[in-house]
Amino acid sequence: MTTKKKIKIDEGKCVGCGKCVNACVGSALELIDGKARLTREDYCDGLGVCIGECPYDAITFEEVEISESKSPTPHKTCPSVATKQLKSSGHSSCPGTTAKTFIKEDKKTVQSGASALNAWPIQLHLIRPESEQFTGKDILIAASCTAFSYGNFHPELLEGKGLVIACPKLDKLEGYAEKLEYFFKYAKPRSITVARMEVPCCSGLTNLVSNARDKAKSPQGIREITISLDGKILSDTTI
């Protein structure tokens, strides 16, 4: 038998703030009934980033015994959240400790119809604001539907920006406010653009971002681009 580290959550101390969920790049944690829970043990990298983020000391390590035949292999990380690089040296790195950007060899790839995406992951629950694709950079925070509705999303809105996507209506919003506030306080982006649809519920994304800016006491302006249901830009304003 061998042992491995596993996080243990004290539900009596957990207040459901969601900070550990945001810190977990592997998406091993979820908020259920107001408490953080380890729902995907196989996604946990065992590094304990979540422990450092918990302000209530509700998370600790425990040693558990596992059989040799069931020992996890180093590549057992969820492929959807692993950070990737177009060119790599062949050495793997834990997605919980590093974030890498895609290398664009041809600066005109966007004009030729290729993707302008420069990093992964992009979903607000999964990204880390302190990653290199966000720190001091231009950021696009886009409602999930905008890329499908606006045909020139990549060359006109995304090119040269770090991307974050979210849906203010369908996503679980726990922790979004804290993560967005972290953007303004610590990532200190050069600019933030919010791309949203014209439907009323989508205004929630702009509200989340602007409220986070105000809590962080940031003087930064926010560019808001509103897309119509038939794929046209209805407005382009700064708030």
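In the predicted model, Asp-171 is located in the loop that connects β6 (162-166) to α5. Although 46 residues separate Asp-171 from His-125 in sequence, their C-alpha atoms are 9.1 Å apart in space. When neighbours within four places in sequence are set aside, Asp-171 is in contact with Gln-123, Ala-166 and Tyr-176. Tyr-176 recurs in the packing of α5, where this residue takes part in the contact with α6.

Two packed helices are described by the angle between their axes and by the distance between those axes. For helix α5 (residues 176-187) and helix α6 (residues 203-215), the angle is about 55 degrees and the axes are 8 Å apart. Helix α5 is therefore oblique to α6, and the crossing of the two helices is right-handed. On the α5 side, the contact is formed by Tyr-176, Ala-177, Leu-180, Glu-181, Phe-184 and Lys-185. On the α6 side, Leu-208, Val-209, Ala-212, Arg-213 and Lys-215 contribute. Classified by residue type, this contact comprises seven nonpolar and four charged residues, with no polar residue.

Helix α5 also borders an open region of the structure. The second largest pocket has a volume of about 380 Å³ and is lined by 15 residues. Nearest the centre of this pocket lie Lys-19, Glu-53, Glu-178, Lys-179 and Tyr-182. The elements supplying two or more residues to the lining are α1 (19-23), α2 (49-53) and α5. Of these contributions, that of α5 is the largest share, at six residues. The lining of the pocket divides into eight charged, six nonpolar and one polar residue.

Enclosed space was examined as well. A search of the whole structure yields three cavities of 30 Å³ or more. The second largest cavity has a volume of about 70 Å³, and 13 residues line this cavity. The residues closest to the cavity centre are Cys-14, Cys-17, Cys-20, Ala-36 and Cys-54. By class, the lining of the second largest cavity contains 11 nonpolar and two polar residues, and charged residues are absent. The lining of the second largest pocket, by comparison, includes eight charged residues.

Two features of the backbone conformation complete the description. Trp-120 and Pro-121 are joined by a cis peptide bond, for which omega is about 5 degrees. Pro-121 is situated in the loop between β4 (59-66) and β5 (138-143). The second feature concerns Asp-33, a residue other than glycine with a positive phi, near 55 degrees. Asp-33 is placed in the loop between β2 (29-32) and β3 (35-38).

Terms used: Residues numbered from 1 in each chain as written. Predicted model: local features only at pLDDT ≥ 70, side-chain atom pairs only at ≥ 80, totals over all residues. Heavy atoms only, no water. Axes fitted to C-alpha atoms, helices over the stretch in contact; angles between N-to-C directions. Helix = DSSP H or I, 4+ residues; strand = E, 2+ residues; numbered from the N terminus. Parallel < 35°, antiparallel > 145°, perpendicular 65-115°, else oblique. Left-handed = near helix turned anticlockwise from the far one by under 90°. Contact = heavy atoms within 4.5 Å. Nonpolar A, V, L, I, M, F, W, Y, C, P; charged D, E, K, R; others polar. 1 Å grid on protein atoms, 1.4 Å probe; cavity = no way out; pocket = protein on both sides within 12 Å on 5 of 7 lines; lining within 4 Å. Points joined across faces, edges and corners; volume = space filled by probe spheres on them.
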